[in-house]
Amino acid sequence: MIRTHRPAAGVCALLAALAAGIAFPGHAVADETEQAAPKVELVLDVSGSMRTADIDGGTRMAAAKQAFNEVLDATPEGVQLGIRTLGANYHGNDRKEGCKDTAQLYPVGTLDRTEAKSAVATLSPTGWTPIGPALLKAADDLQGGDGTRRIVLISDGEDTCQPLDPCEVAREIAAKGVGLTIDTLGLVPDAKTRDQLSCIADATGGTYTSVQHKEELTDRVGQLVDRAADPVVTPVATEGTDQCSSAPALKSGLYTDREEFGQQRWYKVDVEPGQELRASVSVAADRAVNPDYGVLLRAVTVHGREIVRGETSGLGRTDVISTGLRYPKAENDDDTTPETVCLQVTNSFSAAAGVKTSPGLPVELTVDVVDGPSQASDVASFGLGRGWWLLGALVLTGFLAGLVWGWVSRWRVAVWRTN
């Protein structure tokens with residue numbers, strides 16, 4: 001039996017390996033060659049403030065157009081790409097009308113580079129900044145299919161169409177479990193813009209980038225479009241319960257769920273004798289939370305006896321907190337019945353004042369059931385496993401080096417005294 005405590009970086013590395021398709025059995029994840037074409041929609045702010053000339057001596061709009069043209073040239077084959085604008089068409093001062101100003105400039109589909117570039121060339125900074133409505137429409141544009149879906153939002157200011165909070169819109173999109181990621185880029189952003197764009201990205205597991213130069217914008221948009229083409233494991237939405245007896249039965253795979261503040265969720269996994277259960281969980285703080293929180297992942301029997309646990313805590317310095325565990329089921333010739341292991345996920349997050357607690361926090365659960373180690377030493381020795389021989393060799397080498405160094409030092413002192 002092993003207990004492990006994995007920091008967020010360790011679990012992120014594990015998830016990256018799983019995303020590369022090297023850790024899950026074939027029956028748990030769709031074959032990469034069968035995955036649907038990835039879809040990306042670039043959502044560009046074309047509001048009046050994009051006329052500002054503060055990016056390498058040119059306007060923000062000029063920098064965006066140049067970036068789009070270069071990204072369109074480099075878009076990988078097979079990526080279905082579209083472009084949506086916000087604030088590009090309405091010239092008036094009616095806020096109600098201005099907040100409806102979002103349109104699809106180029107439909108999501110097989111890319112015709114010449115046509116897409118021609119459409120981008122027609123853009124001119126015009127109106128309002130309806131980020132929330134644009135995100136809702138963009139999510140609709142990307143519906144259908146099982147491939148990767150990604151929105152890349154480029155804006156230079158806050159949404160001007162409150163009370164439709166774009167951060168809440170992003171959380172609603174994430175709560176639907178549609179597997180859509182929103183990445184945001186802020187062009188020379190102020191503090192409020194940065195906070196809003198960061199919140200939008202965090203809500204869906206995306207990234208936020210502050211951009212000050214044309215090359216940065218081109219490189220970052222290109223990276224995000226390329227990332228959509230990478231083979232990924234699509235998480236499967238599941239719903240844990242408040243007790244093990246009614247929990248969903250999971251196989252090896254990557255799962256997503258939502259967990260209320262301070263709640264516990266239960267899941268079940270069958271482990272054959274001679275197999276090892278490896279599980280990790282990540283809980284994202286996608287909104288303002290109080291410091292001092294933790295996540296607990298326990299493996300228990302159906303009768304409630306704890307087998308192993310992993311736990312970790314945080315102080316508000318990270319948006320994601322993760323932990324994991326391993327449980328090797330010993331082989332038994334007399335009993336070949338699978339053991340049902342109950343996984344309990346508990347968090348100790350608490351909401352900051354005025355923060356909504358619904359929907360719950362995003363949970364990502366990794367389950368991997370593999371053939372167990374052939375020898376007890378693989379999982380014993382205080383978690384060092386076969387690393388003990390290396391530790392022993394290092395200790396012996398250090399001991400011998402110390403003896404040699406001590407003898408040489410004494411000899412040099414003796415020679416010095418003689419001379």
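**Close-up A. D56 sits in the loop between β2 and β3.** This is a predicted model, as are all the views that follow. The two strands that flank the D56 loop are β2, residues 53–55, and β3, residues 58–59. Most residues other than glycine have a negative phi. D56, though, is a residue other than glycine with a positive value, near 55 degrees. How accessible is D56, buried or exposed? Somewhere in between: its relative accessibility is 44%, so D56 counts as partly exposed, given that the partly exposed class lies between 20% and 50%.

**Close-up B. D56 again, this time as a member of a negative surface patch.** Joining D56 in the patch are E70, E215, E216 and D219. Which element supplies the largest share of these residues? That would be helix α8, spanning residues 214–229, with three of them. D56 comes to the patch from its loop between β2 and β3.

**Close-up C. A nonpolar surface patch built from L396, F399, L400 and L403.** Together, these four side chains put about 410 Å² of accessible area on the surface. For orientation, look for L396 in helix α9, which covers residues 388–418.

**Close-up D. Y293 and F349, the one aromatic pair in the structure.** A pair of aromatic rings is described by the distance of the centres and the angle of the planes. For Y293 and F349, those two numbers are 4.4 Å centre to centre and 20 degrees between the planes, and the pair is stacked. Where do the two partners sit along the chain? Y293 belongs to strand β13 (residues 293–300), while F349 is in the loop between β16 (339–347) and β17 (361–371). The partners are 56 residues apart, and the pair links distant parts of the chain. Both Y293 and F349 are buried.

**Close-up E. D292, another residue with a positive phi that is not a glycine.** Here phi is about 65 degrees. D292 lies in the loop between β12 (residues 275–284) and β13. Its relative accessibility is 56%, so D292 counts as exposed, because the exposed class begins over 50%.

**Close-up F. A cis peptide bond from S358 to P359.** Most peptide bonds are trans. This one, between S358 and P359, has omega near 0 degrees. P359 is in the loop between β16 and β17, and F349 from the aromatic pair is found in that loop too.

**Close-up G. E306 with its two arginine partners, R298 and R309.** E306 meets R298 in a salt bridge at 2.8 Å, N to O. The side chains of E306 and R309 also form a salt bridge, here at 2.9 Å, N to O. Salt bridges that share partners tie R298, E306, R309 and E311 into one network. How accessible are the residues in this view? R298 counts as buried because its relative accessibility is 16%, and buried means under 20%. E306, at 31%, counts as partly exposed. R309 is partly exposed as well, with a relative accessible area of 23%.

**Close-up H. The salt bridge between D257 and R265.** How far apart are the closest N and O atoms of D257 and R265? They are 3.4 Å apart. Both D257 and R265 are buried. As for the overall tally, the structure holds 16 salt bridges.

**Close-up I. Helix α5, residues 131–141, largely enclosed by the rest of the structure.** Why call it enclosed? Because eight of its eleven residues are buried. At the start of the list come I131, G132, P133, A134 and L135. The other buried residues of α5 are A138, A139 and D141.

**Close-up J. N93, in the loop between β4 and α3.** On either side of the N93 loop are strand β4, residues 80–86, and helix α3, residues 95–98. With a relative accessible area of 73%, N93 is exposed. Also worth a look here is G127, 34 residues from N93 along the chain. The C-alpha atoms of N93 and G127 are separated by 8.4 Å.

How values were computed. Residues are numbered from 1 along each chain as its sequence is written. This is a predicted model: local features need pLDDT of at least 70, side-chain atom pairs count only at pLDDT 80 or more; totals for chains, interfaces and linings use all residues. Side-chain values use heavy atoms; hydrogens and water are left out. Patches are made of residues with over 30% relative accessible area and no salt bridge: like charges are joined within 9 Å, nonpolar side chains (Val, Leu, Ile, Met, Phe, Trp, Tyr) within 5 Å. Accessible areas come from the Shrake-Rupley method with a 1.4 Å probe; for residues, only the protein chains shown count as cover. Lys and Arg count as positive and Asp and Glu as negative; His and the chain ends are not counted. The place of a charge is taken as NZ of Lys, CZ of Arg, CG of Asp or CD of Glu. Helices (H or I, at least four residues) and strands (E, at least two) are DSSP runs, numbered from the N terminus. Rings of Phe, Tyr and Trp (its six-membered ring) pair if their centres lie within 6.5 Å; planes under 30 degrees apart count as stacked, over 60 as edge-to-face and the rest as tilted. Buried means under 20% relative accessible area, exposed over 50%, partly exposed in between (1.4 Å probe, protein chains only).
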